[in-house]
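Me: I've got a protein model open and I'd like to talk through how its parts are held together. Can we go question by question?

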Amino acid sequence: MSDIALLPEVHAFLPRSHALFIDGGYVQSHSSQTLAVINPANGEVIAQVADADQADIDAAVESARRGFQQWSRAAPATRGNVLLKLADLLEQHREALAQIETCQSGKIIQISRAFEVDQAAHFLRYYAGWATKISGQTITPSLPSFAGERYTAFTLREPVGVVVGIVPWNFSTMIAIWKLASALVTGCSIIIKPSEFTPLTILRIAELAIDAGLPAGVLNVLTGGGAVGKGLVEHPGTDKVSFTGSVPTGIAVGRSAMGAGLTRATLELGGKNAAGFLRDVDLDKAVNGIIEAGFLHSGQICAAAERFFAHRSQIEPIMDKLAQRLSRLNIGSPLDERTEFGPVTNRQHQQKLDWFFAKARAENNTIIHGGKLIDGPGCYVEPTVILANTINDTLLNEETFGPIATFFPYDTEEELLELMNNTPYGLSASLWTNDLSKALRMVPAINAGTVWVNMHTMLDPAVPFGGNKSSGVGREFGGAFIEDYTELKSVMIRY
Ligand code: NAD
């Protein structure tokens with residue numbers, strides 16, 4: 001096993017004195033505080049970034065307000081073309097961006113290339129198409145005419161203003177691209193606040209955005225911890241926050257936004273997503289499905305499944321086959337192209353997963369496979385299969401955000417639906433069966449923003465995505481994002 005060689009571009013980028021990206025270029029922070037970026041595969045510090053302070057927040061907001069004045073007046077086609085050019089630049093720098101991402105997040109290089117770059121470029125091109133298709137309506141008012149006068153009305157879709165995009169660590173590029181693409185095509189400016197664990201790739205992408213023709217100030221990047229996100233949300237100069245992250249932080253962000261004069265908020269939060277296997281399912285297909293649903297990127301995907309429900313007669317053979325498959329996974333360095341399963345993204349998260357393993361043991365769950373940290377300087381944990389004891393067990397109720405598949409048996413399909421819905425969350429769910437007619441009858445009974453049939457975790461820019469219940473507010477993708485990034489202005493005329 002051996003790592004790929006890092007490109008000279010990556011060697012040059014990582015040790016830079018990483019500043020904030022404000023007004024079209026790197027600007028030194030007013031703060032003397034920095035944050036270390038650590039490679040979770042080996043525990044080494046790979047870069048230092050600025051931990052922005054209030055003066056930096058003010059500077060970024062002022063710049064974004066100026067950027068908004070200019071960008072909101074740009075022709076829709078101009079906006080779309082900048083996004084298309086940025087997609088091309090992402091592809092031209094594909095390998096360097098993927099390597100930076102793998103070094104900061106531990107994501108295996110194949111996933112960095114396929115999702116953080118290729119998928120991000122695909123999303124940019126999809127959104128670019130919307131730039132020229134955002135429009136209002138004409139309306140015939142309902143009022144009767146009293147003296148022969150007439151009325152007509154129309155609506156305008158106007159950009160909401162300066163958007164704050166707060167991004168988690170699991171897909172630092174792709175999620176940032178969802179937010180910046182939504183903002184830029186609707187004519188908003190945006191300040192991205194990346195996760196303190198994974199701030200590097202988006203700093204490089206901000207430079208590429210300027211090369212793509214984006215005017216200064218339309219995209220700013222402020223690095224730092226949660227306080228920077230809070231400061232941006234509560235700043236009187238910002239108009240909307242698009243937040244992706246955990247439920248507790250999302251609730252805090254929602255409160256801050258409402259308290260700051262009803263700043264608009266879209267919240268894409270966590271979940272405890274379920275996958276339900278009907279009795280007719282082929283066991284090998286079920287196991288492939290569970291690997292896709294629960295173990296991609298070491299389970300660190302908001303839409304991933306963590307609760308797996310199989311018929312009582314099939315649960316043991318499914319878990320056994322799954323354990324055999326997981327024991328053959330190539331676990332190793334994320335920079336080795338043969339690695340199938342890498343580290344989790346940071347030490348805190350690894351420790352949190354260890355807490356879940358201990359909790360499972362304390363609650364007498366059966367650990368079918370894994371259940372331990374992997375010794376060494378990296379943040380590795382074993383891919384894990386657990387059979388829960390009761391439906392109240394922690395592993396069936398709290399989001400682990402890790403490579404832990406927790407199983408529970410059902411006897412009837414009514415019981416399966418009850419189990420799947422037995423959660424305060426509602427981001428995604430999947431049904432696995434050859435009986436499509438039965439699946440389509442069950443879909444309406446599942447309370448989740450996305451329900452997949454015979455697949456899980458695949459996101460497509462054309463298909464709206466977002467959470468029900470405590471998994472969030474608002475939708476990204478499709479045409480649904482337009483409502484969140486624009487205000488509807490009604491114009492009424494008497495003639
Ligand atoms: P997190 O909530 O800890 O942090 C997310 C971001 O919020 C970070 O940039 C952080 O610095 C910032 N932040 C922290 N406190 C803040 C505050 N008070 N105000 C403003 N910003 C603040 O989440 P995480 O650990 O980075 O990511 C994992 C979580 O994200 C999981 O729960 C996962 O399910 C969720 N997630 C959801 C989606 C989705 O689309 N629904 C996608 C990816 C991840």
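Me: Let's start with charges: how many salt bridges does the structure hold?
Reply: Keep in mind that this is a predicted model. Side chains of opposite charge can pair when their charged atoms come close. Going through the structure with that rule, the number of salt bridges is 23.

Me: Which residue does K489 form a salt bridge with?
Reply: The partner sits far off along the chain: K489 is in strand 24 (residues 486–494), the other residue is in strand 6 (residues 151–159), and their positions lie 331 residues apart in sequence. The closest N and O atoms are 3.1 Å apart, inside the 4 Å cut-off. The partner is E158.

Me: How is the protein chain divided into domains?
Reply: One domain is made of two segments, 8–270 and 471–492, and that's domain 1. The other takes a single stretch, 273–461. So the split, which comes from an automatic or database assignment, is domain 1 (8–270 + 471–492) and domain 2 (273–461).

Me: What area do the two domains bury between them?
Reply: Their centres, taken over C-alpha atoms, are 31 Å apart, and 33 residues of domain 1 are in contact with 31 residues of domain 2. Carbon and sulfur atoms carry 66% of the buried area. On the domain 1 side, P40, I108 and W169 supply 21%, more than any other three residues. The total for both domains is about 2600 Å².

Me: Which side chains meet in a salt bridge with N to O at 3.0 Å?
Reply: A pair counts when nitrogen and carboxyl oxygen are within 4 Å, and 3.0 Å passes that. The two side chains are those of R113 and E337.

Me: Which element gives the largest share of the side of domain 1 that touches domain 2?
Reply: Between the domains there are 10 residue pairs in polar contact. Two elements give two or more residues to that side of domain 1: helix 4 (94–105) and helix 5 (109–130). The largest share is 9 residues, and it comes from helix 5.

Me: How many residues on that side of domain 1 are nonpolar?
Reply: Take the other classes first: 14 residues are polar and 3 are charged. The nonpolar count is 16.

Me: Is the aromatic pair of F123 and W178 stacked, edge-to-face or tilted?
Reply: There are 14 aromatic pairs by the rule used, and in this one the ring centres are 5.6 Å apart with 40° between the planes. F123 lies in helix 5 and W178 in helix 6 (residues 174–186), so the pair ties together parts 55 residues apart in sequence. Stacked needs under 30 degrees and edge-to-face over 60, so 40° makes the pair tilted.

Definitions and conventions. Residues numbered from 1 in each chain as written. Predicted model: local features only at pLDDT ≥ 70, side-chain atom pairs only at ≥ 80, totals over all residues. Heavy atoms only, no water. Contact = heavy atoms within 4.5 Å. Buried area = accessible area lost by both parts, 1.4 Å probe. Polar contact = N/O pair within 3.5 Å; in protein donor to acceptor, adjacent residues only side chain to side chain. Helix = DSSP H or I, 4+ residues; strand = E, 2+ residues; numbered from the N terminus. Nonpolar A, V, L, I, M, F, W, Y, C, P; charged D, E, K, R; others polar. Phe/Tyr/Trp six-rings, centres within 6.5 Å; stacked < 30°, edge-to-face > 60°.
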